Each structure stands twice: as structure tokens, then as C-alpha cells.
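Me: I'd like a close look at one part of this predicted model, and then a walk outward from there. Could you take me through how the strands pair and what surrounds them?

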Amino acid sequence: MGTQCLLIDGGGRLGGELRVQGAKNSALPLLAASVLCRGETVFHNCPRLSDVFAACRILTCLGCRCRMEEHSVVVTNDEIACTSVPDELMREMRSSIIFLGAVLGRTGSCMLSLPGGCVLGPRPIDMHLDALRRLGAVITDQHGIITATAPIGLHGARVTLPFPSVGATENTMLAAVTAKGETVILNAAREPEIRDLAAFLNRCGAKIRGAGESRIEIEGVEKLHGCTYSVMPDRIASVTYLSAAAATGGTICLTNTAPQEYDAVSAVFEEAGCRVYGYQDRMYLHAPTSLRPVNRIRTMPYPGFPTDAQAIVMAALCCAKGTSVFEERIFESRYKHVDDLNRMGADIQVSGATAVVRGVPKLYGAKVRATDLRGGAALLIAGLAAEGQTELSALSHIDRGYEEIETAFRALGAQIRRTERGEEDRICRMS
């Protein structure tokens, strides 16, 4: 059997209506949070992604009963039978570290290894560990194995994060909701996924105030119970489809989305000449025949321009009439997609944290390989806009964050299909 790849015949305009999947970056901490909840928890609008399946395997390893039915995940949690997560499960996704705060909060002890997933440069977990220590955890980190205990239980504390890290904010919240006393998180991340996690925990009996602001207050409770909850829409998936429409000069409508949550990205599309507007849970984009360049895009914590959207929007601006400038201020190694975009005819120069994108008349199909989740999505967008056929491989990265992405794009009129590279080679030899 050959390696799976996407074959993309580019050059056509995208158009139509598409329902956006549930948010990967919300579903994963919500699943981790279910460790804290006794009884049955049901998550609706949960995307069918390899990262979600990995989270379910971790829950099963901990002793939960977990099943997925269409886009709903049911977690039954009576007792936690195991407080350690095997290395092979931790390596399946970067956000697996989020289980540290949840398991520690539920059982008072946890052992796991450093997480895997996309390699985006240093993403230290020191902030996570320091915050949990403030809550009373005793933590050792030896040879990549993290052991955390709370000998006298976790207690409330004042936690000031040096950077508004989403993961560190989530881990602190998960540990604090059942700690004794009040916890105050300062310089907390403000992303919509933080609000989603807090809304779920509050429905389960937690007492959290201020989620979505830089100061979060948590009054610890003795225990949490399960509930039924719907995962928020995926704002980065929304940006991906909007970028593809912009790159191809198309017009699309997205449903099951939250337009107010990505104003920073909408402003970039508008500067590029697109008409963008939202109404309730719908988002519309009408692109011009040729995009205008964007003066400067700087990735920032929410509500700034998200780092997850950097590669995706860059792909759309490769054929803009002029020069666009990107500054990546969150991750060091988030320009890995640039080499393959240049292979397709783009003109991008990287110097440190800055990428200068000089618009070209057109892109050309090529054989390219995803090196991370959002970089892979960027190459797919470039393939949709390119002349000729693009073969995109290493789809495991893309499947971590997009549910059947080829099906979604076909619904918008794209010529794209998933196949085995070995099958294509065999057909070529016969022809």
C-alpha cells in the first residue's frame, strides 16, 4: 500500500455554502476536563480528528469509558483507575500536556512524558509546571518524564503567567477548579477556547469568573459532575476555507461559525480587497479577481492575529499584486511551509521572524509535503489556486485538525481527491 496523498487540480474558483466543524483546539481541553467530572459527559459537535481519537485513547487508558457516535463523544467516568499516561499516547499530539492539570486535580497525582505533535520550535511547558507548583503541586521532570503530586491537596493561589499561554491557562484552570480556596490567574489567555472551557466547567459545577479576560477568578469546589455540552465552532478551520476562497477569487458562506471571534483576520481579508461580513452564525466572503497586498501581519495572542492563521493567509497572498509582510511572534519555526510554496512559484524571503511575500502572477502545481498542520493547509490552499496538479503528501498532519478536508473542499467545487501514491505510480506505469 502506498502513502496517502491529496491530488489537487487547481485554477477553479471556490463557491457555495459549508458547515464548519467543531473546534479541535476546544475539543481537546474539554475532553481532558471530563476527567474531573463524575458520571456521564456528552460532547456534541465534536470533530472526527486523529487528535480527538488520541485524546479518547488517553481517557480510556485512565479508566474512563469513551465512545464516539458520529459527532458526539460520550465519556463515562466513575473512577480513575490509572494516573499515568504512556509515552506512546503522549507523543501522538502536542496538546496532551493538558491532561496534567486534569488528572492532578482529580486524583492528586499524575505521571506523563513530554508531548509530541507538530514541531514548531520550542514550546516550553515551564509555565504549566510553575503554575501548578503555585497551587501546591510537587513536580519533578527527569529525562522527559514529569511526575506531579499534591501531598496535602491543591490549594488556591495567585498565578501570574509571564505570557498569556493558552495551554498554561487551561492547565491552571483544570487544576484549580477543585482546589481548596480561590485561585486568581493574571495575564491569562483570552482566546474563545478559554471561554468555552470555562462555560463547560461551570455547567459541571465549577465557579469560574472572568474567562475571556486577562484576569480569571476560580473558587474551588469539592467535585464536578458530568453534563451535555456542544463544542464551539473551529475558527481556524473557518479561516482556512475563507483563505481558500480569497486565493481562488471565489465567494463562500460558512455556517456554524462565530464571525465576531476573528475580527483580526477579517480585517486582513478586507485590506486584501475581499468583502467580508457576518450575521449570527454565518460568515460570507466575496473575493476580487486579484488580491491586494497587506502591509504587515503580526501574529499576537488573542484578540490579535492568530499564529495558526499565519501560513494559511500567507498562501492566499502569494498571488497578490504587491508585497505583503508577516511577522511571526509566537513560534520560532512556523515558516516551514515557505520552501514548498516557493517550489510552487511563490516569491517569499524569510529573515528571522519576518517573511516578505512578493506577489507573483500565478502558482504552479508541484509535489509538496506537509510538515505541520497549518503549513499543510497552506499548501493545499496554494494547490487550489495553482495552475496544474499539486500532489500533497504527509496528510497525517492535516488529519490532526481537519475532518475529511477533501470532502469539505469538494463541496465548494474544488477538484481534489485522496489517493494512495503507490496507486498513482501504478496507473502512470500502465498508461
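Reply: Strand β19, residues 323-327, pairs with β21 in the antiparallel sense over five bridges. Within that pairing, Glu327 stands opposite Thr354 in β21. Do keep in mind as you look that this is a predicted model.

β21 has another partner too: strand β20, residues 347-351, also pairs with β21 in the antiparallel sense, over five bridges. Here Ile348 is the residue opposite Val357 in β21. β20 and β21 form a hairpin with two residues between them, and Gly352 in the turn has a positive phi of about 65°.

Now for the side chains of β21 itself. In a regular strand the side chains alternate between the two faces of the sheet. β21, residues 354-358, shows this alternation: Ala355 and Val357 point to one face and are buried, while Thr354, Val356 and Arg358 point to the other face and are not buried. So the residue opposite Ile348, namely Val357, belongs to the buried face of β21, whereas Thr354, across from Glu327, belongs to the other face.

Moving on, you will find an open sheet of four strands in the order β2-β15-β17-β16, with mixed pairing. Its edge strands are β2 (15-19) and β16 (275-279), each of which pairs on one side only. On average, neighbouring strands of this sheet are turned by 10° against each other, direction ignored. Helix α8, residues 235-248, packs on this sheet and touches β2, β15 and β17; the direction of α8 makes about 170° with that of β15. Inside the sheet, β15 (residues 251-255) and β17 (residues 282-286) pair in the antiparallel sense over four bridges, and Leu254 has Met283 in β17 as its bridge partner.

Helix α8 also takes part in a pocket. The second largest pocket holds about 380 Å³ of space. It is lined by 22 residues, and the closest to its centre are Ala247, Thr248, Thr289, Cys319 and Ala385. The elements that give two or more residues to this lining are α8 and α10 (310-317), with the largest share, three residues, coming from α8. Sorted by class, the lining of the second largest pocket has 13 nonpolar, six polar and three charged residues.

A second open sheet deserves a visit. It has four strands in the order β9-β10-β12-β11, again with mixed pairing. β9 and β11 (207-209) are at the edges with a single partner strand each, so one side of each has no neighbour in the sheet. Neighbouring strands of this sheet are turned by 15° against each other on average, direction ignored. β11 pairs with strand β12, residues 215-219, in the antiparallel sense over three bridges, and Ile208 stands opposite Ile218 in β12.

Edge strand β9 also appears beside helix α5, residues 126-134. The buried residues of α5 are Met127, His128, Leu129, Ala131 and Leu132. What covers them includes α4 (99-107), β7 (138-142), β8 (145-149), β9 (158-160) and α6 (166-176). After α5 comes Gly136, whose phi is positive, near 105°.

Ser109 is another residue to pick out, in strand β6, residues 109-113. Ser109 counts as partly exposed, at 22% relative accessibility. Leaving aside residues up to four places away in sequence, Ser109 touches Thr83, Val103, Leu104, Ala148 and Thr149. From Ser109 to Cys37 the separation is 72 residues in sequence and 16 Å in space, C-alpha to C-alpha.

Finally, some backbone details to check on your screen. Most residues other than glycine have a negative phi, and most peptide bonds are trans. Asn187 is not a glycine, yet it has a positive phi of about 60°. Asn187 sits in the loop between β10 (182-186) and α7 (192-203), and is partly exposed, with a relative accessible area of 30%. Glu404, also not a glycine, has a positive phi of about 45°; its place is in the loop between α13 (396-399) and α14 (405-411). As for peptide bonds, a cis one joins Tyr302 and Pro303, with omega about 15°. Pro303 is found in the loop between β18 (297-298) and α10, and α10 is one of the elements that give two or more residues to the lining of the second largest pocket.

Conventions:
Residues are numbered from 1 along each chain as its sequence is written. This is a predicted model: local features need pLDDT of at least 70, side-chain atom pairs count only at pLDDT 80 or more; totals for chains, interfaces and linings use all residues. Side-chain values use heavy atoms; hydrogens and water are left out. Buried means under 20% relative accessible area, exposed over 50%, partly exposed in between (1.4 Å probe, protein chains only). Two strands pair if DSSP finds at least two bridges between them. Axes are lines fitted to C-alpha atoms, for helices over the stretch in contact, and angles run from 0 to 180 degrees between N-to-C directions. Contact means heavy atoms within 4.5 Å. On a 1 Å grid over the protein atoms alone, a cavity is a set of points where a 1.4 Å probe fits but cannot get out, and a pocket is an open set with protein on both sides within 12 Å along at least five of seven lines; lining residues have an atom within 4 Å of a point. Grid points are joined across faces, edges and corners, and a volume is the space filled by probe spheres set on the points. Ala, Val, Leu, Ile, Met, Phe, Trp, Tyr, Cys and Pro count as nonpolar, Asp, Glu, Lys and Arg as charged, and the others, Gly among them, as polar.
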